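New to this one? Here is a quick, informal tour, to read with the sequence and the 3D view side by side.

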Amino acid sequence: FYDEKNIKELFLKKNTDKNLIYLTSDNCNNISKYRNIEKHLIKFRKIMDNRRENISGRLKYFHLHWPRKEDFFLNDKIVIPSMRAKFDLAFCDYPAYFGLGSNILIEKKTSFPIKFLFCLLGSSFAKYWFEKRSKERGAGFDFSLKKIKSFPIKKNEKIDIFIKNYEKNKNNIQEFKRINNKLVFELYELNSTLCSEIERYEALN
């Protein structure tokens, strides 16, 4: 299990000491077959039985309350913290679970390749776009899923170039960003004045 605090500058720190017991009405109807987990959870039964869905009889005490579909955690994904002082994200290509403080995007059959979307959202242009348009909450911004879905995705024939840059430089974030920003600026046909403004904004933030 990962906290959104594990995300920094397009990178997810893989080391974590947290684990999630992902038991739902879809994958577990009888907790007794997991003796050690049952022994652990039974200590909290009184608390969990007081949840709304348990009181109504829809869930058993050992089930997660309103769980996300597990596909969001098992598939390749983009993870974007919903509340942050700065817009940030990470690409995760291994099973990883996150809480409600993170927006998770996965690839669908009718969508663009997930790595291409990461390249667009990981650009300085996207950071500038989100921070100029998102609601301020306290000391940071509210990067809602609705706002993320409103980001303009521009169709093009150079998707492979973006992905190749990611694959080549994913372990060298600065080089990835340098090339990726150039590709994104060209894709969105940003004029020199706006490019300079975005670069200054990036340097200051």
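What follows is a short briefing on some helices, strands and loops. Keep in mind that this is a predicted model. A good place to start is helix H5, residues 114-121, where seven of the eight residues are buried. From there we can move out to the helices and strands around H5, then to a separate sheet and two loop residues.

**Helix H5 and its cover**

- The buried residues of H5 are Ile114, Phe116, Leu117, Phe118, Cys119, Leu120 and Leu121.
- Quite a few elements help cover them: on the strand side, E3 (77-81), E5 (90-92) and E6 (102-106) are included.
- Helices join in too, including H6 (124-133), H8 (159-169) and H9 (173-187).

**Helix H8: one face in, the other out**

- Look at H8 and you'll find Ile159, Phe162, Ile163, Asn165, Tyr166 and Asn169 buried.
- Seen down the axis of H8, those buried residues fall within an arc of 155°, so they line one face of the helix.
- Flip to the other side of H8 and Asp160, Lys164 and Lys168 are exposed.
- The cover over the buried residues of H8 includes E5, H5 and H9.

**Helix H9**

- How far apart are the end C-alpha atoms of H9? They are 20 Å apart, which agrees with the 21 Å that 15 residues should span at 1.5 Å a residue.
- H9 has its own set of buried residues: Phe176, Lys177, Asn180, Asn181, Leu183, Val184, Phe185 and Leu187.
- Among the elements covering them are H5, H6, H8 and helix H10 (192-204).
- So H5 and H9 turn up in each other's cover: H9 helps cover the buried residues of H5, and H5 helps cover those of H9.

**Strand E6 and its partner E3**

- E6 is mostly covered, with five of its five residues buried.
- Both faces of this strand are covered: Ser102, Ile104 and Ile106 sit on one side, Asn103 and Leu105 on the other.
- That fits a general pattern, as side chains in a regular strand alternate between the two faces of the sheet.
- E6 pairs with E3 in the antiparallel sense, over five bridges.
- If you want to spot the pairing yourself, find Ile78, whose bridge partner in E6 is Leu105.

**A three-stranded open sheet**

- In the order E4-E8-E7, three strands form an open sheet with antiparallel pairing.
- Strand E4 (83-84) and strand E7 (135-137) stand at the edges; each has a single partner strand, so one side of each is left without a neighbour in the sheet.
- Strand E8 is residues 140-142, and E7 and E8 pair over three bridges.
- One bridge to look for links Arg137 to Gly140, its partner in E8.

**Two loop residues with positive phi**

- Most residues other than glycine have a negative phi.
- Trp66 has a positive phi, near 55°.
- You'll find Trp66 in the loop between helix H3 (52-55) and helix H4 (71-74).
- Is Trp66 buried or exposed? Trp66 is exposed, with a relative accessible area of 55%.
- Glu189 also has a positive phi, near 50°.
- The place to look for Glu189 is the loop between H9 and H10.
- Glu189 is exposed as well, with a relative accessible area of 65%.

Terms used:
Residues are numbered from 1 along each chain as its sequence is written. This is a predicted model: local features need pLDDT of at least 70, side-chain atom pairs count only at pLDDT 80 or more; totals for chains, interfaces and linings use all residues. Side-chain values use heavy atoms; hydrogens and water are left out. Buried means under 20% relative accessible area, exposed over 50%, partly exposed in between (1.4 Å probe, protein chains only). Helices (H or I, at least four residues) and strands (E, at least two) are DSSP runs, numbered from the N terminus. Contact means heavy atoms within 4.5 Å. The expected span of a helix is 1.5 Å times one less than its number of residues. The arc is that of the directions from the helix axis to the C-beta atoms. Two strands pair if DSSP finds at least two bridges between them.
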